[in-house]
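This report looks at the pockets of one protein and at the ligand placed with it. Please keep the sequence and the structure open while reading.

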Amino acid sequence: MILDAYDSLKGEMFGVLDPDGKVVNKDYEPKIDDDTLLKMYKTMVLARIADTKALQYQRQGRMLTFAPVMGQEGAQVGPLAASKQKDWLVQAFREMAALLYKGAPLKQLYLYWYGNEMGSRFDDLNILPVNVPIGSQISHAAGIAYASKLKKRDESVIAFIGDGGTAHGEFHEGLNFAAVYDLPVVTIIQNNQYAISTPRSMASKAKTLAQKAVGYGIPGVQVDGNDPLAMYAATKEALKRAKEGKGPTLIEAVTYRLGPHTTSDDPSIYRSEEEVKEWQAKDPITRFRKYLSNRKLWNKDKEEALQEEYKKFVADTFKEVEKMPLPTADEVFDYTYANMTEELKKQKEAYKKRLNESEGE
Ligand SMILES: Cc1ncc(C[n+]2csc(CCOP(=O)(O)OP(=O)(O)O)c2C)c(N)n1
């Protein structure tokens, strides 16, 4: 058991692949079928291209603020590949690769960052919308898991949070609640080393963020977040526990945000080029591509064809997004809750009034 074998209090980190894509921990190499391995890889590539293009669109004044995922793709596709479609994905705001893996159309993701509210709609995919108030999604995750347990639905929850987010109150409240009720939640901390310009060392005095699990009486493990296989294997174990009614697990994915915090940020002010280069050498996509090539599942021709296909797909998708009409007031308000709260009903009327007034100007 990975969760027993690696002691987060001692700073032991679980990994399967080295930065060259070689298996260095054979005992824990997960058995994943070829189609799933390829889906993991292709999703990471799509996320990387969509990410790079989004930064360009924003600089051209065609997109609003955007939070890039570059560097963290492995920490996201591993857990999603280990989960079932009916499991819930509770995101923060940097989970493009996770969302794409689960089947969220790129168009939706771009719509959100384009400022079109329809991008928050995921209908039957069991995905929660982008959650900007840091940490509050951990309470939502606990709530969904509580409902799943009460209704005996066999739906687990995968929740993402950043390293900075672990210093917020709702991280504690959500995890503690999930722990005492043995709820089926896997919380994944993407420790990308920074909360905007605040380094990981200012998020917590603890040696690892995974060791926070000890305080909740649940398992916690630190994983190489740039290793999609390790992330898959750790999440698989955590989900098994969840489904057996044994409660939540905390996984710290050690990774790095290669890009800016958002398009409004200039990371050169608070981190060195050398540091970025060190992490570029551990890029999850390059590493996974080498692993797939070693297994004869990937080659240069396939890579070129995929790059071409996805670049066109991303460009076509963004053109569609630019042509989409903005939603009506009803569409903005009517889908989040099955029954709208009184407060929301009031807000909707106020919003409609404002729209009518601005039309009259
Ligand atoms: C409650 C709250 N406080 C402050 C902010 C402003 N804010 C947006 S992102 C961010 C940093 C989050 O860092 P981290 O949790 O490490 O995630 P990352 O952005 O690195 O993915 C902050 C402070 C916010 N969105 N919500």
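Which residues lie nearest the centre of the second largest pocket? They are Phe 93, Ile 134, Gly 162, Gly 165 and His 261, out of 21 lining residues. A pocket here is an open set of points on a 1 Å grid over the protein atoms alone, where a 1.4 Å probe fits, with protein on both sides within 12 Å along at least five of seven lines, and lining residues have an atom within 4 Å of a point.

The model is predicted, so that local features need pLDDT of at least 70 and side-chain atom pairs count only at pLDDT 80 or more, whereas totals for chains, interfaces and linings use all residues. Residues are numbered from 1 along each chain as its sequence is written, and side-chain values use heavy atoms, with hydrogens and water left out.

The ligand takes up the space of the second largest pocket (more than half of its atoms lie within 2 Å of the grid points). Its polar contacts, pairs of N or O atoms within 3.5 Å, include those in the table.

| Ligand atom | Protein partner | Distance |
|---|---|---|
| oxygen | Arg 94, side-chain N or O | 2.8 Å |
| nitrogen | Val 132, polar backbone atom | 3.0 Å |
| oxygen | Asn 192, side-chain N or O | 3.0 Å |

The protein covers 70% of the 580 Å² of accessible area that the ligand has on its own (Shrake-Rupley method, 1.4 Å probe).

In the largest pocket, 19 residues form the lining, and Trp 88, Ile 127, Leu 128, Ile 144 and Thr 336 are the closest to its centre.

Note on methods
A polar contact is a pair of N or O atoms within 3.5 Å; within protein, one must be able to donate a hydrogen and the other to accept it, and residues adjacent in sequence count only if both atoms are side-chain atoms.
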